Amino acid sequence: LDVLRRRFDGQVTIKLAGQDVLDLGCGGGAIAATLAAAKLRVHAIDGSEAAAALTRRRLADEGLVADVRVLDVARILEAFGLDSMDWVIDNACLQCCTPEAQRDIVLQIRRVLRPGGWVYSRMAAAGSWGDGLGRRVAERCYTDIPEGPASGMGTITFMDRDAVLSLWDWLEFCGNRIVQDHRMVSEDTYSAPADATGIRPEPGGARRWWMEWIVEGRKRADG
């Protein structure tokens, strides 16, 4: 919701009430509930029936209403149609897809967004703890990562800045705000090679970092 507050000077309920927002990978429903409370029309999807049930329960407990569906993120265009959304929120859902799947889904995001619609996306950054670990699926894409924040998350694609720019620029998004967020998650001794993680072990134990790209962009009115 902070993203929406920045865009609309804190007047979220006044300026966004009734707009359609698609929450990709709704999980436990925290984002869906926050947006529904701000009077947006929320469409929340998750591939997990259990996650969708949690979201529905949270909304019911808070007296809120949203369209919650069990849906593969790769089917959003089929499910919602062209020019159906004012916002698409990707709270670390796309990072769990292969690069090929990301390209297809981002193309669908472009098509479901109305002209002038906004995207917010969080994506795992190259060099994060877990990059280079586990079983390689594709370039900078790994599954069965054995340790760190990505452990147990399935497939994760770690992206460098050029890959992020290519993914979104290809879709003719303009005015993107792309920044990298870092947080230290451990200072334990880390033995992975520097060329796999981008972080060399330091004397007394290396810092382990989880890094994300934060993307905010608007679809051109003619796009």
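The following legends describe close-up views of a predicted protein model.

**Figure 1. Overview of the predicted protein model.** The protein has 223 residues, of which 47% count as buried. Its secondary structure consists of 8 helices and 10 strands. Among contacts with a separation of 6 or more, 68% are between residues 24 or more positions apart. The protein exposes about 10,500 Å², and carbon and sulfur atoms supply 47% of this area.

**Figure 2. The largest nonpolar core.** This core contains 28 residues. The members that touch the most other members are Leu24, Ile76, Val88, Ile109 and Trp168. At least two residues of the core come from each of the following elements: strand E1 (20–24), helix H5 (76–80), strand E4 (85–91), helix H6 (99–112), strand E5 (113–124), helix H7 (161–169) and strand E10 (208–219). Helix H6 gives the largest share, 4 residues.

**Figure 3. The surroundings of Ile76 and a second core.** When residues up to four places away in sequence are not counted, Ile76 touches Leu22, Leu24, Ile45, Leu71, Gly81, Ile105, Gln108, Ile109 and Val112. A second core is separate from the largest one and has 19 residues. Its members include Leu59, Trp87, Ile89 and Trp118.

**Figure 4. Strand E1 and the cover on its two faces.** All of Asp20, Leu22 and Leu24 on one side of E1, and Val21 and Asp23 on the other, are buried. Because 5 of the 5 residues of E1 are buried, this strand is largely enclosed by the rest of the structure.

**Figure 5. The strand partners of E1.** Strand E1 runs parallel to strand E2 (residues 41–46), and 5 bridges join the two. In this pairing, Leu24 stands opposite Ile45 of E2. Between E1 and E2 the chain passes through helix H3 (residues 30–37), and the resulting β-α-β crossover is right-handed. Strand E1 also pairs with E4 in the parallel sense, over 4 bridges. Here Asp23 stands opposite Ile89 of E4.

**Figure 6. The salt bridge between Asp83 and Lys219.** The structure holds 12 salt bridges, and the view shows the one formed by Asp83 and Lys219. The closest N and O atoms of this pair are 3.9 Å apart. Asp83 lies in the loop between H5 and E4, whereas Lys219 lies in strand E10, so the pair ties together parts that are 136 residues apart in sequence. Asp83 has a relative accessible area of 40% and is therefore partly exposed. For Lys219 the relative accessible area is 6%, so this residue is buried.

**Figure 7. The salt bridge between Arg114 and Asp86, and its network.** The side chains of Arg114 and Asp86 meet in a salt bridge with an N to O distance of 2.8 Å. Because Arg114 lies in strand E5 and Asp86 in strand E4, the pair ties together parts that are 28 residues apart in sequence. Arg114 is partly exposed, with a relative accessible area of 26%. Asp86 is buried, with a relative accessible area of 17%. Asp20, Arg41, Asp86 and Arg114 are joined into one network by salt bridges that share partners.

**Figure 8. The salt bridge between Asp144 and Arg135.** The side chains of these two residues meet with an N to O distance of 3.8 Å. Asp144 has a relative accessible area of 56%, so this residue counts as exposed.

**Figure 9. Phe80 in helix H5 and its contacts.** Phe80 lies in helix H5. With a relative accessibility of 14%, Phe80 counts as buried, because this value is under 20%. Apart from neighbours within four places in sequence, Phe80 is in contact with Leu22, His43, Ile45, Asp67, Arg69, Leu71 and Met85. Phe80 and His43 are 37 residues apart in sequence, and their C-alpha atoms are 9.3 Å apart in space.

Terms used
Residues are numbered from 1 along each chain as its sequence is written. This is a predicted model: local features need pLDDT of at least 70, side-chain atom pairs count only at pLDDT 80 or more; totals for chains, interfaces and linings use all residues. Side-chain values use heavy atoms; hydrogens and water are left out. A nonpolar core is a set of buried Ala, Val, Leu, Ile, Met, Phe, Trp, Tyr and Cys residues joined through side-chain atoms within 4.5 Å. Buried means under 20% relative accessible area, exposed over 50%, partly exposed in between (1.4 Å probe, protein chains only). Contact means heavy atoms within 4.5 Å. Two strands pair if DSSP finds at least two bridges between them. A crossover is right-handed if, with the strands pointing away from the viewer, the path from the first strand over the helix to the second runs clockwise. A salt bridge is a side-chain nitrogen of Lys or Arg within 4 Å of a carboxyl oxygen of Asp or Glu. Accessible areas come from the Shrake-Rupley method with a 1.4 Å probe; for residues, only the protein chains shown count as cover.
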